[in-house]
Amino acid sequence: MSERSAAEVVEAVAGAFTRLVGREPAGVWSAPGRVNLIGEHTDYNDGLCLPIALPQRTYAAASLRADGRLRVHSLQRDETVEVTLAEVTPERPGGWAAYVAGVLWALGRSGQRVGGLDVVIDSTVPVGAGLSSSAALECSVAAAADELFGLGLMGSAEGRERLARACMAAENVIAGAPTGGLDQTAALGCRERAALLLDCRSGETRQVPFDPARHGHALLVTDTRAEHALVDGQYAARRQSCEEAARLLGVPTLRDVPVSGLEAAVTRLPSDEMRARVRHVVTEIDRVGRAAAALEAGDLAQVGRLFDASHASLRDAYEVSCAELDVATETARAQGALGARMTGGGFGGSCIALVPAGSVEAVSVAIAAAFEERGFAPPASFAVVASGSARRDA
Ligand code: ADP
Ligand code: MG
């Protein structure tokens, strides 16, 4: 994990731009990674989720080009990719640059007047850790494009929603990753010391206070560095199971099954497995609402209990956890965390824990020791605060 400050990265990326492009950038824009506090596998069921923006961000130094081409360099990849915007497809440019080219492609498709750009990317968001480095990349470029092409979308909530949709289309169509809009909505809509309650059915959002430091606690993120095969297949299978269950129950989505009617509803399903999947989704959506209410009431202990219940449900009923996520969450709890859970799709990625502010270091060390004992790869733990959304930095 990068320890560089925002000011250092802004200077580094602007300097790299000047070296690589031969002139100073018109500006530097950035967007954050995110963690979802609670509400996992709820988005494709029209449910609720509750992300915060991370202090870790992706930075884009950028300037206009007159020739309709995108030339983008990533300092993480140490690679420059060039493509004519009119020729962007799911095959071209391919690879990581698809996330950048896809944003300009999607803005163009939605009727915005965009053109060529020189872009240099630097980032402090861990890549592939389930902390949404992909949306951070897209949204940093979207913020740059918004200002450089004079789109004026960053200035309003509706405009940011349109940018989020363009970034989601970039990821789905050009980068070829079938994800919902949670990551992009968080990167463009989160505020400091707040979580964003997102209703995936209506698209409505609400800011909920999230500042555990006020209660003597910190949010610890642990990137387990675990990568398990079959992730895509498992994701598709869970999704399909939910759709099939909704069809059998005669409702548009599992959002329409109230938690009060859950047990009566699941008796109509054909297998224990499907009943368990539905129980997770319906109770998880309910937990998001209760977590938001607990945060609004300042009841962090209750949020911790909901984290634990969410993890147990994801492990036992939805079956998307893995040994690393279970060990990390159990260790955090044993070290005095109010609660801990896996975050993201599962089978690896990161977990989060609400730990006493004074034991951030002790919990991190204990998780690393537990991983070593079991022969897992070394994890990376770091405390985070709820941070702000995409912005111009320089
Ligand atoms: P996550 O979003 O959880 O980090 P994803 O698989 O969705 O994981 O996105 C990771 C991909 O995004 C990388 O494989 C790469 O293609 C692209 N990416 C993210 N950050 C950068 C970066 N700084 N430079 C180049 N590519 C990046
Ligand atoms: Mg991603």
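An oxygen atom of ligand 1 lies 3.3 Å from an N or O atom in the side chain of R77. This contact belongs to a predicted model, in which ligand 1 is surrounded by 18 residues. Taken alone, ligand 1 exposes 570 Å², and the protein buries 81% of that area. Apart from the ligand site, the structure contains two aromatic pairs, and R238 is placed over the face of Y318.

**Polar contacts of ligand 1**

- The side chain of S74 places a polar atom 2.7 Å from a nitrogen atom of ligand 1.
- S132 contributes through its backbone, with an N or O atom 3.4 Å from an oxygen atom of ligand 1.
- R77, in turn, approaches an oxygen atom of ligand 1 through its side chain, at 3.3 Å.

**The shell around ligand 1**

- Among the 18 surrounding residues, those that come nearest to ligand 1 are S74, Q76, G128, S133 and S134.
- Two elements, strand 6 (116–123) and helix 3 (133–148), each give two or more residues to this shell.
- Helix 3 gives the most, with three residues.
- By residue class, the shell comprises eight nonpolar, eight polar and two charged residues.

**The aromatic pair Y44 and Y235**

- The rings of Y44 and Y235 form an edge-to-face pair, with 5.5 Å from centre to centre and 75° between the planes.
- Y44 belongs to the loop between strand 1 (27–36) and strand 2 (48–49), whereas Y235 is part of helix 6 (residues 231–249), so the pair ties together parts that lie 191 residues apart in sequence.
- Y44 has 12% relative accessibility and therefore counts as buried, the cut-off for that class being under 20%.
- Y235, at 24% relative accessibility, counts as partly exposed.

**The aromatic pair F371 and F376**

- F371 and F376 also form an edge-to-face pair, with ring centres 5.3 Å apart and an angle of 90° between the planes.
- Both of these phenylalanines, F371 and F376, are buried.

**Charge over a ring**

- R238 lies over the face of the Y318 ring, at 5.9 Å from the ring centre.
- In sequence, R238 falls within the range given for helix 6 (residues 231–249), the helix that also holds Y235 of the aromatic pair with Y44.

Methods. Residues are numbered from 1 along each chain as its sequence is written. Chains are lettered from A and ligands numbered from 1 in the order in which they are written. This is a predicted model: local features need pLDDT of at least 70, side-chain atom pairs count only at pLDDT 80 or more; totals for chains, interfaces and linings use all residues. Side-chain values use heavy atoms; hydrogens and water are left out. Rings of Phe, Tyr and Trp (its six-membered ring) pair if their centres lie within 6.5 Å; planes under 30 degrees apart count as stacked, over 60 as edge-to-face and the rest as tilted. Helices (H or I, at least four residues) and strands (E, at least two) are DSSP runs, numbered from the N terminus. Buried means under 20% relative accessible area, exposed over 50%, partly exposed in between (1.4 Å probe, protein chains only). A charge sits over a ring if NZ of Lys or CZ of Arg is within 6 Å of the ring centre and within 35 degrees of the ring normal. A residue is near a molecule or strand if one of its heavy atoms lies within 4 Å of it. A polar contact is a pair of N or O atoms within 3.5 Å; within protein, one must be able to donate a hydrogen and the other to accept it, and residues adjacent in sequence count only if both atoms are side-chain atoms. Accessible areas come from the Shrake-Rupley method with a 1.4 Å probe; for residues, only the protein chains shown count as cover. Ala, Val, Leu, Ile, Met, Phe, Trp, Tyr, Cys and Pro count as nonpolar, Asp, Glu, Lys and Arg as charged, and the others, Gly among them, as polar.
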